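Let's take a quick tour of this protein, one topic at a time. Keep the sequence and the 3D view open while you read.

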Amino acid sequence: MRRTITHIGDHALSPSSLMMSYGFDPKLSEGAIKCPVFQSSTFVFESAASGKSVMQLAYGLRERGVAEDPGLIYSRINNPALEILEDRLALWDSAERALVFASGMAAISTTILSMARPGDAIVYTAPVYGGTDFLFEKLLPQFGIRCYPVSGDLSAASMQASVEAARAGLGTNGRLAAIYAETPANPTNRLIDLAMLADLARGMEAQPGGRPRLVVDNTMLGPLWQKPLAHGADIAIYSLTKYVGGHSDLIAGSCVGSDADLAAISGFRTILGTMTDPHTAWLLMRSLETLSLRMRQSEASAWKVAEALRHHPKVEQVGFLGFVDPDSEQGRIYARQCTGAGSTFSVILCGGEAEAFRFLDSLKLIKLAVSLGGTESLASYPAGMTHVDVAPEMQKAYGIADNLVRLSIGVEEPEDLIADCLQALDQV
Ligand SMILES: *Cc1c(COP(=O)(O)O)cnc(C)c1O
């Protein structure tokens, strides 16, 4: 890692202040204030001996020396732009290390493939993102990895029972490889107690190969409003396509965690080739400079829009995290685990699909598209779009109703967004 300023005296600088400089030494790039795009597939070795030495290190044939820089080889293995981006991403979660990927799904699939073997099982909280659902339900079973969704009651007792049921179905060499959670769940915004899941995972230390890893998809609130590692998660995963990229102009993903956990994932990434590219990494570094500004602005606007819709006669309910009852179990998890409500929420309209479609088709400023977390506000219809592949009875069980629309609030003037929603509701 390149050493740059992180403290002024005893005062620790915050990630938002470090995003403009951390990990980049201008002296190594002609004094450039910004990290250049290292658009290079390969890197020149200083000598044949040093080439051999860095390749041995890359393949794990020898231990890394104290303070030894791993050395650049080839951009599927490492690239300066990716490394600096990873150093910066790790700061937001106070993680030892981060890895960047070609997409959120590349991060999720590479992480899970590095952990689970044929005969193993995964328990996951449902619903999860549509692509993750497909991976767990349709792809991993083809490799003999059984994935068990848990929905409805997500209390400690119920999770314990689900984990025991999954373990009871394991063969002699099978293990529970991971507990996977997405919180808040997309699109229902249901929160899951991460400290409780971490306890559950710790209770299985005695299984061969050690306890299952707790893997958390933190795309919806992170990295500003929720820090899973601080609540006992081993690995937090992001679709950087959403809030971190933040401009709806790139696809990327990441995971953060300990050096030990990420070393295995990094090895899989190198061979599967699921890393991101230098240009996308450069765009992400630009995005990180305004991450905190954008997320705080859109959260403040989301409060206003959600409030304006909450008591509208054509709205049944607004599933905004800021509105959870502080005396409920969800309210207690929110208080413990989240520092903000985020800016993606569901609006449950009176009626069904026809009413939802009239609302969506009448929006003028808010664009009708899947995805979230960009500077522009988006509206979508989970039951027929992101979660269209989830079987109807499962949609019902998960609360993905036919009158539910999802809004992602961007950085437009909130009064303009409210005016747009109100005129669209008039058309319903
Ligand atoms: C979008 C999304 C993903 C997948 O990310 P991609 O970058 O599209 O591959 C995973 N999880 C959640 C919660 C998402 O919103």
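Start with the loop between strand E6 (176–182) and helix H7 (194–202), because that's where you'll find Pro 184. Keep in mind that you're looking at a predicted model. After the loop, we'll move on to the ligand, the two domains and a sheet.

**The loop between E6 and H7**

- Pro 184 sits in this loop, and the peptide bond leading into it from Thr 183 is cis, with omega near -5°.
- Pro 187 belongs to the loop between E6 and H7 too, and the bond that joins Asn 186 to Pro 187 is again cis, this time with omega near 10°.
- What is the sign of phi at Asn 189? It's positive, near 65°, and Asn 189 isn't a glycine. You'll find Asn 189 in the loop between E6 and H7 as well.
- Why bother pointing these out? Most peptide bonds are trans, and most residues other than glycine have a negative phi.

**Around the ligand**

- Which residues surround the ligand? They are Ser 103, Gly 104, Met 105, Ile 108, Tyr 129, Glu 182, Asp 217, Thr 219, Ser 239, Thr 241, Lys 242 and Ala 252.
- Sorted by class, that shell has four nonpolar, five polar and three charged residues.
- Helix H4 (residues 104–115) supplies the largest share of the shell, with three residues.
- Now look at the ligand's oxygen atoms: one is 2.8 Å from a polar backbone atom of Gly 104, and one is 2.8 Å from a polar backbone atom of Met 105.
- At Thr 241, the partner is in the side chain: an N or O atom there is 2.6 Å from a ligand oxygen.
- How much of the ligand does the protein cover? On its own, the ligand has 380 Å² of accessible area, and the protein covers 94% of that.

**Two domains**

- The domain assignment splits the protein chain into domain 1 (80–288) and domain 2 (292–425).
- Their C-alpha centres are 24 Å apart, and the contact takes 39 residues from domain 1 and 39 residues from domain 2.

**A five-stranded sheet**

- Five strands make an open sheet with mixed pairing, in the order E10-E11-E14-E13-E12.
- Which strands are at the edges? Strand E10 (315–319) and strand E12 (367–368), each of which pairs on one side only.
- Strand E13 (residues 378–380) and strand E14 (residues 404–408) run antiparallel and are joined by three bridges.
- For a spot to look at, try Ser 380, which stands opposite Arg 406 in E14.

Conventions:
Residues are numbered from 1 along each chain as its sequence is written. This is a predicted model: local features need pLDDT of at least 70, side-chain atom pairs count only at pLDDT 80 or more; totals for chains, interfaces and linings use all residues. Side-chain values use heavy atoms; hydrogens and water are left out. Two strands pair if DSSP finds at least two bridges between them. Helices (H or I, at least four residues) and strands (E, at least two) are DSSP runs, numbered from the N terminus. A residue is near a molecule or strand if one of its heavy atoms lies within 4 Å of it. A polar contact is a pair of N or O atoms within 3.5 Å; within protein, one must be able to donate a hydrogen and the other to accept it, and residues adjacent in sequence count only if both atoms are side-chain atoms. Accessible areas come from the Shrake-Rupley method with a 1.4 Å probe; for residues, only the protein chains shown count as cover. Ala, Val, Leu, Ile, Met, Phe, Trp, Tyr, Cys and Pro count as nonpolar, Asp, Glu, Lys and Arg as charged, and the others, Gly among them, as polar. Domain bounds come from an automatic or database domain assignment. Contact means heavy atoms within 4.5 Å.
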